[in-house]
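Colleague: Could you walk me through a few of the strands in this one? I'd like to have the picture on screen while we talk.

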Amino acid sequence: MTASQSLLHQISHYYGSRLVLDDITLSAKPGEVVALMGPSGCGKTTLLNLLAGVLAPTMGEIGVVPRDIAYVFQEPCLFPWYTVTENIALGLTAQGMGPRRRHQIARGLAETVGLATAAQLYPDQLSGGMKQRVNLARAFAVTPQLLLLDEPFGSLDMGTRQQLQQLLIHWVQQHHTTAILVTHDLAEAVIMGDRLLVLSPSPARIVYQWQSDRPHLNRDPAYVYQTLSELQTIPTIAASFNLHGN
């Protein structure tokens, strides 16, 4: 069994005098999806930015964070003057890969995410779901060791969301990538997460941890429904999301 690697150790972070994250420790294994949930504004994106190296923590230590990191946002950030293939290949261009090889990889990934017939289209010719497929493919192209996902499926319709969830799970397992997924959807966390970490209202602390006892292929709707019902009765989760309406 692959050992967990420490990503964050006793991290606290301030914006000015406001404490946003309080004593956060996070570890993860290659091939594992760790879902992060918490109330809006509690510091989930700040946590991702610390992992990405965009921010330096006020206190605590950044652990063994891989050099190869990809970051997928909720809204696709595509260059409007580039085609689907060219957008997918951006990271490979930055790595100095030659045009023939990066075009080959980008075309293959366009096919992987279901955009083979749209490879030469521009972003303004794509639907929201198609743009997010490009966003994912661009992250996959650099074969990251750490994949950071900030609510990547929140604005998609149910069918597209389910397709991309399964695509992401398959990719993470196939390439032994560590994925940190921020989501507001508890069902999505149960479907995708090997582990779930629940954060408190700001300043964010980890107040609950859940680990799935089933592989992804065995998480049928009955399992998801039962797990959701159980999780929603846990006081720390109910308090974090005000499930009782108090």
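**Strands and their neighbours**

Modeller: Let me begin with one pair: Tyr71 stands opposite Leu148, a residue of strand S6. Keep in mind that this is a predicted model, in which local features need pLDDT of at least 70 and side-chain atom pairs count only at 80 or more, while totals for chains, interfaces and linings use all residues. Residues are numbered from 1 along each chain as its sequence is written, and side-chain values use heavy atoms, without hydrogens or water.

Colleague: Which way do S5 and S6 run, and how many bridges join them?

Modeller: Strand S5 covers residues 69-72, and it runs parallel to S6, with four bridges joining the two. Strands here are DSSP E runs of at least two residues, numbered from the N terminus, and two of them pair if DSSP finds at least two bridges between them.

Colleague: And S6 itself, is it buried or exposed?

Modeller: Five of the five residues of S6, which spans 146-150, are buried (under 20% relative accessible area with a 1.4 Å probe, protein chains only), so the strand is largely enclosed by the rest of the structure.

Colleague: Which residues sit on each side?

Modeller: Leu146, Leu148 and Asp150 are on one side, with Leu147 and Leu149 on the other, and both faces of S6 are covered. In a regular strand the side chains alternate between the two faces of the sheet.

Colleague: What about S7, how does S6 pair with that?

Modeller: S6 and S7 (residues 178-182) pair in the parallel sense, over five bridges. Within that pairing, Asp150 has Val182 of S7 as its bridge partner. Between the two strands the chain passes through helix H6, and this β-α-β crossover is right-handed, meaning that the path over the helix runs clockwise when the strands point away from the viewer.

Colleague: Changing topic, how many residues of S8 are buried?

Modeller: Five of the five, 195 through 199, and so S8 too is largely enclosed by the rest of the structure. Arg195, Leu197 and Leu199 lie buried on one side, and Leu196 and Val198 are buried on the other.

Colleague: Which strand pairs with S8 in the parallel sense?

Modeller: That is S3, residues 33-37, which pairs with S8 over four bridges; Leu36 has Leu197 in S8 as its bridge partner.

Colleague: And how is S8 joined to S9?

Modeller: Five bridges join S8 to S9 (residues 206-211), and these strands run antiparallel. Arg195, for instance, is bridged to Gln211 in S9, and the two strands form a hairpin with six residues between them.

How values were computed: Buried < 20%, exposed > 50% of the residue type's maximum accessible area, 1.4 Å probe, protein only.
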